[in-house]
Amino acid sequence: MIIVMKPGVAPKEIKEVVDRIKKMKLKPHVLKGTERNVIAVIGDERNLQREPLEAIPGVESVMAVLKPYKLASRESKRENTVITCGNMTIGGNRLAIIAGPCTVENQSMILQTAKSVKAGGAAALRGGAFKPRTSPYAFQGLKGVGLKFLADTRKQTGLPIVTEVLDPRDVAAVSAQADILQIGTRNMQNFELLKTVGKQSKPVLLKRGLAAGVEEFLMSAEYIMAQGNYQVILCERGIRTFNDYSRNTLDLTIIPALKERTHLPVIVDPSHGTGKRAYVAPMAKAAIAAGADGLLLEVHPHPDRALIDGHQSLSLEEFAQLMKELGPLAAAVNRTL
Ligand code: PEP
Ligand code: MN
């Protein structure tokens, strides 16, 4: 159920509705918009239906949300959610370009990459400190030391940091250093992890599961939002299909499908989506043309020597070139870089 407030209502009127909902042992979520606020009500709504909520001053209408995802749904909030993180906005007019290595290898390579991608126009730095690896014998990331290198790099470059968290027990430590917490594809339905990142205040970049449908994807976003963290960025990163020419199949149709169903920003990761350096730039461009709010790109100073995912990483020069080519494309879809 959502309660749509009239434009320009006083905080006192919102509080009145919130208090009434709490009294009914239901959970109110105030979703703030630029024009109007809505209050989403989660829980057993049978009591609510008997309440004359429409009579409360400031309430414009009361509506049922038919979708199983409530807070993430466009029915609850018509306007796009814009997430602000340092100088970067995600979901607004400016495209959010997040670039960096698959994993932080040492201090100098992360700093070199950060300076270079910043000069090329990236708004944030990515880099894994905790890595989800298929093999337990493969490099698992620098963990706490990697987080420290990322935080030092932010201090020197001003770029916000996006980094993955794998375990609910690490959420507090990662949240203390990172600007955006990434939930990887393998953890899209790790519900305890989703609940834990939902309880902290940094934005969450949620990657689509390897075989997740659009509803499952949005239900995972809902898990985070139900805990009170409404800053969720959805990321398409390719799904498993029978195709044998790329690592995954980058499903760009999900961009308009998500835009129809949710107000949350949608970005695309063509690096994991294709798994091949030569395919990254064409699919990055296609993603922007299809309405993505930004890109997550793997960039490495020496892709041939990268510890992880060198085959899909752009060199510093290739990243700079892609950014130049994205300029006119962004303008063609009324976005800026
Ligand atoms: C990553 O972005 O570093 C990563 C591991 O991606 P995914 O979870 O999409 O495989
Ligand atoms: Mn990677």
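Domain bounds here come from an automatic or database domain assignment. The model is predicted.

**Exercise 1. Find the domains and describe how they meet.**

Step 1. The assignment splits the chain into domain 1 (2-63) and domain 2 (83-332).

Step 2. Taken over C-alpha atoms, the centres of domain 1 and domain 2 are 35 Å apart.

Step 3. Contact means heavy atoms within 4.5 Å. By this cut-off, five residues of domain 1 touch six residues of domain 2.

Step 4. The size of an interface is often given as the accessible area lost when the parts come together. For domain 1 and domain 2 this area is about 330 Å², with 50% of it on carbon and sulfur atoms. On the side of domain 1, Lys27, His29 and Leu31 supply 80% of the area buried against domain 2, more than any other three residues.

**Exercise 2. Place strand S1 among its partners and say whether its side chains are buried or exposed.**

Step 1. Strands of a sheet pair through backbone hydrogen bonds, either parallel or antiparallel. S1 runs antiparallel to strand S4 (residues 59-63), and four bridges join the two. With strand S3 (residues 38-42), S1 also pairs in the antiparallel sense, over three bridges.

Step 2. Take Ile3 as an example. Its bridge partner in S4 is Val62, and its bridge partner in S3 is Ile39.

Step 3. In a regular strand the side chains alternate between the two faces of the sheet. In S1 (residues 2-5), Ile2 and Val4 lie on one side, Ile3 and Met5 on the other. Buried means under 20% relative accessible area. All four residues are buried, and both faces of S1 are thus covered.

**Exercise 3. Trace the barrel.**

Step 1. Eight strands close into a barrel, in the order S7-S8-S9-S10-S11-S12-S13-S14, with parallel pairing. On average, neighbouring strands of this sheet are turned by 25° against each other, direction ignored.

Step 2. Look at one pair. Three bridges link strand S12 (residues 232-236) to strand S13 (residues 266-268) in the parallel sense; Leu234 has Val266 as its bridge partner in S13.

Step 3. Add a helix. H3 (residues 107-120) lies across strands S7 (96-100) and S8 (124-126), and runs at about 145° to S8.

**Exercise 4. Which residues coordinate the manganese ion (ligand 2)?**

Step 1. The ion is coordinated by Cys102 (SG), His272 (NE2), Glu298 (OE) and Asp309 (OD), at 2.0 to 2.4 Å.

Step 2. Along the chain, the donors of the manganese ion follow the spacing C-x169-H-x25-E-x10-D. Because Cys102 lies in the loop between S7 and H3 and Glu298 in strand S14 (residues 294-298), the pair ties together parts that are 196 residues apart in sequence.

Step 3. Cys102 and Glu298 are both buried.

Conventions
Residues are numbered from 1 along each chain as its sequence is written. Chains are lettered from A and ligands numbered from 1 in the order in which they are written. This is a predicted model: local features need pLDDT of at least 70, side-chain atom pairs count only at pLDDT 80 or more; totals for chains, interfaces and linings use all residues. Side-chain values use heavy atoms; hydrogens and water are left out. Two strands pair if DSSP finds at least two bridges between them. Axes are lines fitted to C-alpha atoms, for helices over the stretch in contact, and angles run from 0 to 180 degrees between N-to-C directions. Donors are N, O and S atoms within 2.8 Å of the metal (3.2 Å for Na, K and Ca); water is not among the atoms, so sites may look incomplete. Buried means under 20% relative accessible area, exposed over 50%, partly exposed in between (1.4 Å probe, protein chains only). Buried area is the accessible area (1.4 Å probe) that two parts lose on being put together, summed over both.
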